[in-house]
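Please take a moment with the sequence and the structure shown here before reading on. The paragraphs below are meant to be followed with both in view.

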Amino acid sequence: MAPPADLREWIRLLEREGELVRVTAEVDPDLEITEIVDRTVKAGGPALLFENPKGSRHPLLINQFGTERRMALGFGVERLDELGERVADVLELQPPAGIMDKLRGLQKLKSIAGSGPRTVRSGPCQEVVLEGDDVDLNLLPVQRCWPGDPAPFITLPAVITRDPRTGVRNLGMYRMQVIDRRSTFMHWQIHKDGRADWLATDGRIPVAVALGLDPITAYSASAPLPKHIGELMLAGFFRGQPVEMVKAKTVDLEVPAHAEIVLEGYIERDELGIEGPFGDHTGFYTPPEPFPVFHVTAMTMRRDAIYPSIVVGKPPQEDAWLGKATERIFLPAVRMTVPEIVDYDLPVAGTFHNCVIVSIDKKFPGHARKVMHAIWGLGMLSLSKSVVVVDAHVNVHDYEEVFFYVGANVDPVRDVVLTEGPLDHLDHAPTRQFFGGKIGIDATAKGPLEGTREWPDEVVMSDEVKALVDRRWAEYGIPAQGDGALVQNGSAGKRLRQLVRR
Ligand SMILES: Cc1cc2nc3c(=O)[nH]c(=O)nc-3n(C[C@H](O)[C@H](O)[C@H](O)COP(=O)(O)O)c2cc1C
Ligand SMILES: [Mn+2]
């Protein structure tokens with residue numbers, strides 16, 4: 001099924017699939033929506049369209065990404081693993097051997113060649129145009145999410161900039177604290193592309209913010225692509241059709257034609273204010289810090305525009321599934337650089353920068369350490385605070401199984417690597433901001449090559465006996481395998497993981 005082309009098509013799809021509830025009661029975007037959403041997300045509940053947010057004419061959509069099923073639905077796939085398979089297909093493109101191979105190769109090349117955005121002359125995002133004094137961010141039902149937040153924050157934006165040196169466009173998702181009717185802060189962190197674009201100007205940088213996009217384009221703003229690769233191309237690739245862009249009204253940028261709402265404006269190189277605190281996805285308030293001010297020169301909208309929002313806070317929250325999509329989409333690129341990696345998992349409770357579990361096809365002494373250091377050198381994964389390495393046969397998504405090997409295979413003096421490096425902007429634990437300790441745990445099997453004594457065999461039943469029991473199972477009269485906790489190794493861990501994710 002083709003993924004939804006814009007937010008309205010997405011809402012219709014969610015509704016058809018029984019994945020959306022319309023809330024008609026008047027509800028306050030000041031804290032009340034957060035509490036409702038927090039309960040709904042944690043129960044694996046539906047997307048919510050608040051039709052009467054207090055103080056605004058615009059409905060508020062939230063929890064659109066809140067389950068694995070909805071995330072997959074948004075991408076038009078059955079399972080998130082398919083996303084990685086599609087990327088792998090293109091990345092692993094080999095010179096074709098026969099004619100069929102050639103045709104398949106061409107198909108794949110076309111899927112990338114046609115991915116770039118396309119400029120169109122007009123779009124529904126400009127049905128209503130408010131400029132200058134008419135701009136009023138208070139028209140939108142912007143949420144104040146947590147009691148310690150000093151103001152409402154726009155939480156699900158796609159922030160568009162261009163690198164002033166190269167002209168390369170960037171999309172990033174950076175929260176925006178509302179200052180007044182016509183300005184906000186722009187919370188682009190130290191490692192982010194939008195911030196680099198801003199720091200590369202000597203005067204002011206034009207900025208546009210798109211709100212209310214189709215799910216794939218919205219996701220793409222959160223994707224950790226290398227700076228020279230445009231997020232809209234990734235979006236076009238997964239959408240199967242280019243993102244359509246129109247010229248903005250007051251700045252020299254293009255904006256997604258089908259967005260619900262667009263904020264146009266600029267940021268000065270040297271105008272900073274104190275942003276925050278904000279109850280963030282770390283589960284803690286991020287402290288006040290200087291960030292630049294975004295001045296809004298125009299606010300354009302569809303008629304009856306729908307405002308999208310998301311709540312972050314103590315995990316699990318809705319953003320867990322944006323993170324899981326990233327994990328699956330980027331696995332092939334990670335494996336391209338570090339091919340011995342079989343799979344990896346970034347636990348939701350680790351808020352995506354605290355922990356990476358990685359399984360490897362181990363070939364030589366010290367191999368696990370090579371992979372730890374590779375991860376600490378790889379894109380945004382370099383910010384990972386802990387890396388746990390297990391052997392190829394271990395299921396990295398089964399935390400109980402991983403815990404078993406960490407307990408069983410590790411000599412803490414021999415197998416723990418302590419080092420230092422860059423850390424996530426928001427990590428409050430290190431003594432200094434941005435830089436601090438990292439831990440690697442080698443939970444692979446060791447052996448004489450690594451200077452240890454003979455490594456014992458793992459306890460497993462023979463295939464013959466397993467086949468015999470499979471064949472005879474009905475004869476034993478033991479009730480069906482039920483939830484399988486006692487029968488299938490690891491399923492308890494899987495249930496736990498579902499609980500953690502929910
Ligand atoms: C809901 C949500 C909120 C986010 N808020 C911020 C933020 O305020 N600041 C930031 O730098 N990154 C934030 N991120 C992460 C960035 O969107 C992500 O790192 C992305 O890759 C940035 O794009 P860039 O690599 O082009 O800079 C957020 C991600 C999500 C899913
Ligand atoms: Mn980028």
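What follows is a walk through a predicted model, taking a metal site, then a set of paired strands, and then a helix.

The manganese ion (ligand 2) has as its protein donors N170 through OD1, D193 through OD and E231 through OE, which lie 2.1 to 2.2 Å from the ion. Read along the sequence, these donor residues follow the spacing N-x22-D-x37-E. Distant parts of the chain are linked in this way, since N170 belongs to strand β8 (residues 169-172) and E231 to helix α8 (residues 231-239), 61 residues apart. Are these two residues buried or exposed? With a relative accessible area of 2%, N170 is buried, and E231, also at 2% relative accessibility, counts as buried because the cut-off is under 20%.

Turning to the strands, β14 (residues 261-275) pairs with β11 (residues 204-211) in the antiparallel sense over 8 bridges, and within this pairing R204 has E268 of β14 as its bridge partner. Strand β14 also pairs with β17 (residues 289-301), again in the antiparallel sense, over 11 bridges; here L272 is bridged to P292 of β17.

The last element to consider is helix α10 (residues 367-375), whose buried residues are H367, A368, V371, M372 and I375. Viewed down the axis of α10, these buried residues fall within an arc of 145 degrees, and therefore they line one face of the helix. An α-helix has 3.6 residues a turn, so residues three or four places apart point the same way. The cover over the buried residues of α10 includes strands β19 (341-345), β20 (355-360), β21 (386-391), β22 (416-422) and β23 (435-442).

How values were computed. Residues numbered from 1 in each chain as written. Chains lettered and ligands numbered in written order. Predicted model: local features only at pLDDT ≥ 70, side-chain atom pairs only at ≥ 80, totals over all residues. Heavy atoms only, no water. Donors = N, O, S within 2.8 Å, 3.2 Å for Na, K, Ca; no water. Helix = DSSP H or I, 4+ residues; strand = E, 2+ residues; numbered from the N terminus. Buried < 20%, exposed > 50% of the residue type's maximum accessible area, 1.4 Å probe, protein only. Pairing = 2+ DSSP bridges. Arc of directions from axis to C-beta. Contact = heavy atoms within 4.5 Å.
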